[in-house]
Each structure stands twice: as C-alpha cells, then as structure tokens.
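Biologist: I am new to this structure and would love a close look at one part of it. Could you walk me through the salt bridges, please?

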Amino acid sequence: MPWRSVAVTTLAVAAPPAIGVAIYGRMGAIAFIAALPAHLAAKDEGVLHATLVTLILGLAGLLSLGAPDMALIVAPVLGIMTGICGHHGVARPALRALITWTVFTSPILPSDEKPLLFAIFLLAMVWALAVTKIFGETRTTGEEDGESEEYALVFGTILAFGLAASVYVGNRFFGNHGFWFPLTFVVLCIPPHGRLFSRTMKRTLGTILGTALALAIAWISEAAWLTAALGILALPLAFRTLPWNYTFFTALLTISVLEILALVTDMDTLAFERLNTMAAAAALTLALGLIGWTVLRVLKPEALDALQEK
C-alpha cells in the first residue's frame, strides 16, 4: 500500500479510538469498532455502502452486547445477509463490518451505556468516512466479482452456520477474549474465496510469528509507553505490507492488537488465547471450506472451477 494511503488509513482508523479512549477510557474503544469497517468498506464500495453496512452491524452489535443468547440469534441472520450481498458483488464491505461486530459478542465493552456507546460509534464512523472521502480513497480496492445464485446461497449458508458456531465456541471456551474466534473466522472468509486455504495457512503462520514477537518484547520490557508505541507503529507498517506479503501483514497486525490490548490485560493471557482461537478458527474455516467445495462441485462445478482459477 502506498505511504499516502497508509497515512490516510491511520488517520481514519487510529485517531477516533485515541480520542475516545482518552476521554471515555475503555468505552472509547468502540470508536475503533466503527472507524475500521467504515474506512475499509468505503475503500471497497464508496461512502453510501459503507454507511449502510456499518450502521446495520453497529446496531446488530448493540443487540448482541451483554446478551450471549441474542448474539447466537443475530449471527446467522448477518451471515445470510452477507451471502445476499455477495450475490450482488458487495460481500467485502459486509464482511469488513462483521469483523468488528464480533467484538460485541464478548464482555470487552460495558453493556449498561448503550446510548453513549452508539453516539461514540456514530461520531467515529462519520470521521472515518469523511477522511476517506476527502483524501480520495473511496473505491480504490478494485471491483468485486458478483457471485452466482448457487454460490451466494452456499456461501451465505456456510457463513451463517460458521459464524453462529464460532460465536458459541468463543464465548463458551475462550473466556473474555472469545471474540477472536469468530473474528478470525470472518477474516478468513473475505474474498477472493478461491484463496481460502492458502490464506488460512499464511494467516496462521503470521499469527504465530506476531504472537512470538509480542511475547518477546513483553519479556524484555512491560513499560506502558513502549507497549503503546509498538502497537501504534505496527498498525501502519502492517497496511504498508499489503498486498506484498499477507503473512507479514498478519504478524504486524497481531503485534498491534496484542500490544494495544496489553495496556489493559495480561500479555501472556492475551497471546496464548490468540494462538488458541487462531488454531480453532482455522480448523473450522477449512472444514466449512471443504463442505462448500463439495456442495459447489455437485451444484455448479463450472462456478467452482472459475472460482479456483481466480
């Protein structure tokens, strides 16, 4: 990614949570949950599509916040909606928003301040969209191919099932940071779907590398200024590596997330939870990918062949 785009992404995505956390503490982290999908979706499909998917996923997140049973109901509905979006060639923006929706499924944010949370969410979304628009970064990631009706149906069904399953398993077995399980599952599902298996391998390797480096840094020094500086520095460097090396991107992004969350949580716990959820999500995604491959081979083999060629 050109340095100019890296700078715009950092301004759009990092500024809102920095201000939000400075004013509201941990509650201000919801600004990141709004700014990241809004900016990335605008780069994919423009401001209007980005506004729509970010608002819908934000409201769905508030429904899920502090309500695990509701999250299990919301998850498959969002999966089907994303499959329908894929039929019209706009799966990427919906999946960008699904990434941060998963954070609402774990007790990271307070569930008793929803009006204030939504206000911060809206302000961060508007900021990210305005920055993206002003600096001409909308619709810069290329057109997304529309999916066949059979393909969209298979994709939506698998995503709905996998999202619900990953939310349940994350909440049931991975503690306060169980959102990493559905988050990783969603990231692995982002188009192009023909690269699912290779991308899963690269992301797994990158996660292991990033976690090891973050732990090594923490063992050397746990100074808050160093932790914050590394987390902030790793974010633009991660985007700079795209699309050159997906493994390095994942490693740097893992360092950024772990270092920032380490300011409020034990690093060792964060790191090992991240590895566990990555392994589990990769296994789930590969299994569902094989099911989808089989179904497409039976329903529409020519669509599968075209998908794998791309």
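Modeller: Happily; here is a tour of the salt bridges, pair by pair. Please keep in mind that this is a predicted model. Side chains of opposite charge can pair when their charged atoms come close. In this model the count comes to five salt bridges.

Let us start with Glu137 and Lys43, whose closest N and O atoms are 3.0 Å apart. Glu137 sits in the loop between H6 and helix H7 (149-173), while Lys43 belongs to helix H2 (residues 30-45), so this salt bridge ties together parts that are 94 residues apart in sequence. Both Glu137 and Lys43 are buried. The two also belong to a wider group: Arg4, Lys43 and Glu137 are linked in a network of salt bridges.

Next along helix H2 comes Asp44, whose side chain meets that of Arg92 in a salt bridge, at 3.7 Å from N to O. This pair links distant parts of the chain, with Arg92 in helix H5 (residues 91-101) and Asp44 in helix H2, 48 residues apart. Arg92 and Asp44 are buried.

Helix H2 also holds Glu45, and here the partner is Arg139, in a salt bridge of 3.6 Å from N to O. Arg139 lies in the loop between H6 and H7, 94 residues from Glu45. How buried or exposed are these two partners? Glu45 has 5% relative accessibility, so Glu45 counts as buried. Arg139, by contrast, is partly exposed, because its relative accessible area is 48%.

Note on methods. Residues numbered from 1 in each chain as written. Predicted model: local features only at pLDDT ≥ 70, side-chain atom pairs only at ≥ 80, totals over all residues. Heavy atoms only, no water. Salt bridge = Lys/Arg side-chain N within 4 Å of Asp/Glu carboxyl O. Helix = DSSP H or I, 4+ residues; strand = E, 2+ residues; numbered from the N terminus. Buried < 20%, exposed > 50% of the residue type's maximum accessible area, 1.4 Å probe, protein only.
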